[in-house]
Amino acid sequence: MSAIVINDLTKGKGKDKVLQKLNLEILEGEFFSLLGTEKSGKTTLARIIMGFLKPNSGSIKVYDMDSFKESKEIKESVSLVPEDMIFDSKIKSFALLKKTLNAHNLSNTEDIDILCDYFEFNSNLRVCDLRDRERKLLAIINALIIKPRLLILDNPSKFLDDKDIDRLFSHVKKLNEQENLTVLLLSESLREAKKYSARIAYLSDGKVQDIEYNNVKAAGDKVLKIDSYRGNLNYFTSIGARIIKDEEDETILYFDGPLPELSKVIYEEGLENYILEDAELSDKVEAYYKGENAKLPRRKPEAPVESKDIKLEETSTIEADTINGVSEATIKLDQADNNFNSVEGISEDEMEKDTVHNTKTNLFVDEEYSEKVLGENPKTPQGEVLDPPKEEKTSGDTIVFDTSNEGIFNASEETKLKEDKDDI
Ligand SMILES: Nc1ncnc2c1ncn2[C@@H]1O[C@H](COP(=O)(O)OP(=O)(O)OP(=O)(O)O)[C@@H](O)[C@H]1O
């Protein structure tokens with residue numbers, strides 16, 4: 001079954017399109033990485049998947065549910081760990097996490113302790129006192145305690161130290177392998193993606209450019225930097241190397257084929273003043289998707305990795321009728337597994353209410369959104385009407401949200417997005 005099916009998704013208008021006819025399918029149980037450089041649209045995509053933003057055209061189905069129209073149902077089983085978030089509330093982290101569980105009709109409070117211990121997070125801290133790293137940990141724990149079916153991680157390493165990152169990925173990978181958790185990692189880190197995911201896609205110019213099977217290769221992605229190279233670059237390009245830079249003082253090549261082939265050419269060319277190092281995502285993007293390189297043929301598709309029961313060969317850029325072809329009935333909400341999403345939404349959602357372009361978070365917000373959202377009184381899943389968010393204020397580049405009454409759950413879960421500016 002598909003966890004996410006994205007069909008011709010476009011966000012933004014005219015020259016400001018951040019996503020452009022993007023197609024992608026992610027299967028249930030996959031650990032999938034979508035890599036993109038800064039401002040390539042990863043966060044925007046995450047927000048559309050969660051229903052905080054409406055596409056200009058195209059659609060996203062999450063477990064066969066429409067990302068916008070059925071966002072509430074989606075949040076019952078899907079968690080997002082956002083890139084940035086800020087809480088302005090005096091309640092303790094533990095209480096906030098408990099609220100989330102309650103909102104999902106869950107009572108596994110022991111999981112709060114287990115996860116807090118695991119991440120060495122002090123749940124006695126008030127959420128308004130948390131620093132960036134702690135806020136991120138709270139968001140992660142909150143996303144995990146509801147035992148989601150699909151976990152979306154938007155630049156999860158930001159603010160975390162190496163130990164936190166290892167813990168996060170080990171835990172998520174374990175859930176992926178043992179409990180079939182579907183993971184969508186949105187990141188800039190080639191290294192992270194290669195370490196954990198079965199497939200990796202690249203987001204550039206608003207589209208998914210390539211999907212690779214992350215099988216064990218003789219080489220990783222490398223860049224070869226040669227000082228003042230005067231030889232014939234054809235020796236390198238003939239084995240699949242791509243030219244990123246070729247100037248008098250420096251030549252930079254990108255190579256993701258078998259290392260022995262590259263070593264052979266280096267040896268035969270008698271290179272001395274060179275450095276061979278791991279490529280960054282930006283090198284890869286430059287090598288494949290920018291300028292003249294974008295016109296060159298792609299390398300041959302790699303063989304799929306056989307991993308668990310994922311049928312990778314079925315997955316490719318989707319055609320329009322794929323969506324119609326999905327026959328699974330709308331997911332039934334089993335109370336036992338009822339996983340409302342909560343903390344992850346707050347920053348995304350509340351940031352949406354800011355009517356200015358937020359430079360820190362790169363948010364581009366629909367102007368009329370604020371009115372619509374703030375005009376509504378959120379409800380609990382049981383239908384109880386709650387007060388709307390008490391206070392919302394922006395402080396410089398940072399958006400602050402008061403969660404004192406509503407908790408994280410209500411702010412995100414119950415904020416209804418009927419339409420945004422682009423639909424008018
Ligand atoms: N609705 C929209 N219309 C046009 N542009 C938008 C819209 N929403 C966001 N953008 C712009 O699209 C760009 C991509 O932003 P986004 O935050 O999604 O990228 P990102 O890949 O997550 O970047 P980063 O890794 O730096 O967080 C930004 O410049 C943002 O201002």
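## Helix α5

The buried residues of α5 are Arg-135, Lys-136, Leu-137, Leu-138, Ala-139, Ile-140, Ile-141, Asn-142, Ala-143, Leu-144 and Ile-145. They make up 11 of the 14 residues of α5, so the helix is largely enclosed by the rest of the structure. The coordinates discussed here and below belong to a predicted model.

The length of α5, which covers residues 132-145, can be checked against its residue count: at 1.5 Å a residue the helix should span 20 Å, and its end C-alpha atoms are indeed 20 Å apart. Lys-147 follows α5 and has a positive phi, near 50°. With respect to the strands, α5 lies across β6 and β7, and its direction is at about 175° to that of β6.

## Overall architecture

The protein chain has 424 residues, of which 44% count as buried. Its secondary structure comprises 14 helices and 16 strands. Among contacts between residues at least 6 apart in sequence, 73% join residues at least 24 apart.

## The six-stranded sheet

The strands crossed by α5, β6 and β7, belong to an open sheet of 6 strands with mixed pairing, arranged in the order β6-β7-β8-β3-β9-β10. The edges are occupied by β6 (78-81) and β10 (207-213); each has a single partner strand, so one side of each is left without a neighbour in the sheet. From one strand to the next, the twist averages 15°.

The pairing of β6 with β7 (residues 150-154) is parallel and extends over 4 bridges. Within this pair, Val-78 has Leu-150 in β7 as its bridge partner.

## The four-stranded sheet

A second set of strands, 4 in number, forms an open sheet with antiparallel pairing in the order β2-β1-β4-β5. Its edge strands are β2 (19-27) and β5 (65-66), each of which pairs on one side only.

Strand β4 (residues 57-62) and β5 run antiparallel and are joined by 2 bridges. Here Val-62 stands opposite Met-65 in β5.

## Helix α1 and the ligand

Helix α1 lies against strands of both sheets. On the four-stranded side, α1 lies across β1 (2-11), β2 and β4, running at about 120° to β1. On the six-stranded side, α1 lies across β3 (31-36), β6, β7, β8 (182-187) and β9 (199-204), at about 150° to β7.

The ligand is surrounded by 16 residues, the closest being Gly-12, Val-18, Lys-42, Thr-43 and Thr-44. The element that gives the most to this shell is helix α1 (residues 42-49), which supplies 3 residues. By class, the shell holds 8 polar, 6 charged and 2 nonpolar residues.

## Helix α3 and the loop before it

Ile-86 lies in the loop between β6 and α3 (93-103). With 20 other C-beta atoms within 10 Å, Ile-86 counts as buried, because the cut-off for burial is 20 or more. Ile-86 and Leu-130 are separated by 44 residues in sequence, while their C-alpha atoms are 8.7 Å apart in space.

In α3 itself, the buried residues are Ser-93, Leu-96, Leu-97, Lys-99, Thr-100, Leu-101 and Ala-103. An α-helix has 3.6 residues a turn, so residues three or four places apart point the same way. Just after α3, Asn-105 takes a positive phi of about 55°.

## Positive phi angles in two loops

Phe-159 is not a glycine, yet its phi is positive, at about 80°. This residue lies in the loop between β7 and α6 (162-179). Phe-159 has 18 other C-beta atoms within 10 Å and is therefore partly exposed.

Ser-228, also not a glycine, has a positive phi of about 40°. Its place is in the loop between β11 (222-227) and α8 (234-237). Ser-228 is exposed, because 10 other C-beta atoms lie within 10 Å and the cut-off for exposure is 12 or fewer.

Note on methods
Residues are numbered from 1 along each chain as its sequence is written. This is a predicted model: local features need pLDDT of at least 70, side-chain atom pairs count only at pLDDT 80 or more; totals for chains, interfaces and linings use all residues. A residue is near a molecule or strand if its C-beta atom, placed from the backbone, lies within 6 Å of it. Ala, Val, Leu, Ile, Met, Phe, Trp, Tyr, Cys and Pro count as nonpolar, Asp, Glu, Lys and Arg as charged, and the others, Gly among them, as polar. Two residues are in contact if their C-beta atoms, placed from the backbone, lie within 7 Å. Two strands pair if DSSP finds at least two bridges between them. Axes are lines fitted to C-alpha atoms, for helices over the stretch in contact, and angles run from 0 to 180 degrees between N-to-C directions. The expected span of a helix is 1.5 Å times one less than its number of residues.
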